[in-house]
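Student: I have a structure open on my screen and would like to learn how to read it. Could you walk me through some features, one at a time?

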Amino acid sequence: MPYQVFLPRELVRAHDPSALADVAYRTSPTPAPLPAGLGAEQVPVAVYAASDDAEEERLVWRFTLILVTITAGYTMISVASTLLAATAGRTRDFRVLRLSGATPRQVLLTLAAETCCVVTLGAALGLVVAAPALFGTAHGLREELGLPVELAVAWPWVAGVITGCLLVATAATVLPARAALRRMRRA
């Protein structure tokens, strides 16, 4: 009949550093109390599985945050560079607006409103384009796994990215236009 021998952790690690596992599974159905001083604790299977799932979920969210940050950063850079180039080419339009009686403030407000419309339209089109792929992926996983897979969209993150693009786009339009309007006054 097998018997149990308990040795201090330090003694076992001194002889073989890889001898101890992080997890030991009990084979008997009735829980027996652990001897004191082992540095171990008995955890029900459900609690252990939940803690393991929580750690995996934390890592997945961290990775997702990194991907969203990189993607949003590149998106904002491309929005800013496109609008900077477009605004630089519109100085004749600004001059026409000024000659037709618009104040510099009115010109800048018009540009800001135009930028808001463009960003809103771009965000809406982006969501419309992404929706079929997201729903198709969820449906495919549901069919393949035979499990209820629900589509989960982090709307606060989506709203944050759209707001960030709106702020960057407005700055990339209004600031160069303001500088162009100042140069026109001096000339």
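The talk below goes from the whole chain to helix pairs and then to charged side chains.

Tutor: Happy to help! Keep in mind that this is a predicted model.

Student: Let me start with the whole chain. How many helices and how many strands are there?

Tutor: The chain has 5 helices and 0 strands. Reading along the sequence, you get the pattern α-α-α-α-α.

Student: What share of the residues counts as buried?

Tutor: Of the 187 residues in the chain, 14% are buried. You can look at the surface as well: about 14500 Å² is exposed, and carbon and sulfur atoms supply 66% of that area.

Student: What can contacts tell me about parts of the chain that lie apart in sequence?

Tutor: Take the contacts between residues at least 6 apart in sequence. Of these, 72% join residues at least 24 apart.

Student: Now the helix pairs. How do I describe two helices that pack together?

Tutor: The general idea is to give the angle between the two axes and the distance between them. Let's try it with helix 4 and helix 5, which covers residues 155-186. Their axes come within 9 Å and cross at roughly 150°.

Student: Why are helix 4 and helix 5 called roughly antiparallel?

Tutor: An angle over 145 degrees counts as roughly antiparallel. The crossing is at roughly 150°, so helix 4 and helix 5 are roughly antiparallel to each other. As for handedness, helix 4 passes helix 5 in a right-handed crossing.

Student: And at what angle do helix 3 and helix 4 pack?

Tutor: That angle is about 130°, and the axes are 9 Å apart. Helix 3 and helix 4 are therefore described as oblique to each other. Helix 3 passes helix 4 in a right-handed crossing. To find this contact on your screen, look for F94, L97 and R98 of helix 3, together with P104, V107 and L111 of helix 4.

Student: I'd like to turn to charged side chains. What is the idea behind a salt bridge?

Tutor: Side chains of opposite charge can pair when their charged atoms come close. A search of this whole structure finds 3 salt bridges.

Student: Which residue forms a salt bridge with E55?

Tutor: The partner of E55 is R58, and their closest N and O atoms are 2.7 Å apart. Both residues sit in helix 2 (residues 45-88), 3 residues apart, which is about one turn of the helix.

Student: Is E55 buried, exposed or partly exposed?

Tutor: E55 counts as partly exposed because its relative accessibility is 37%, and buried would mean under 20%. R58, also at 37%, counts as partly exposed too.

Student: Which residues are linked in a network of salt bridges?

Tutor: That network links R90, D93 and E114. D93 pairs with R90, with the closest N and O atoms 3.5 Å apart. E114 also meets R90 in a salt bridge, at 2.6 Å from N to O. This second pair links distant parts of the chain: E114 is in helix 4 (residues 104-145), R90 is in the loop between helix 2 and helix 3 (91-99), and they are 24 residues apart.

Student: How accessible is R90?

Tutor: R90 has 25% relative accessibility, so it counts as partly exposed. D93, at 39%, is partly exposed, and E114 is partly exposed at 34%.

Technical notes
Residues numbered from 1 in each chain as written. Predicted model: local features only at pLDDT ≥ 70, side-chain atom pairs only at ≥ 80, totals over all residues. Heavy atoms only, no water. Salt bridge = Lys/Arg side-chain N within 4 Å of Asp/Glu carboxyl O. Helix = DSSP H or I, 4+ residues; strand = E, 2+ residues; numbered from the N terminus. Buried < 20%, exposed > 50% of the residue type's maximum accessible area, 1.4 Å probe, protein only. Contact = heavy atoms within 4.5 Å. Areas by Shrake-Rupley, 256 points an atom, 1.4 Å probe, with all protein chains shown as cover. Axes fitted to C-alpha atoms, helices over the stretch in contact; angles between N-to-C directions. Parallel < 35°, antiparallel > 145°, perpendicular 65-115°, else oblique. Left-handed = near helix turned anticlockwise from the far one by under 90°.
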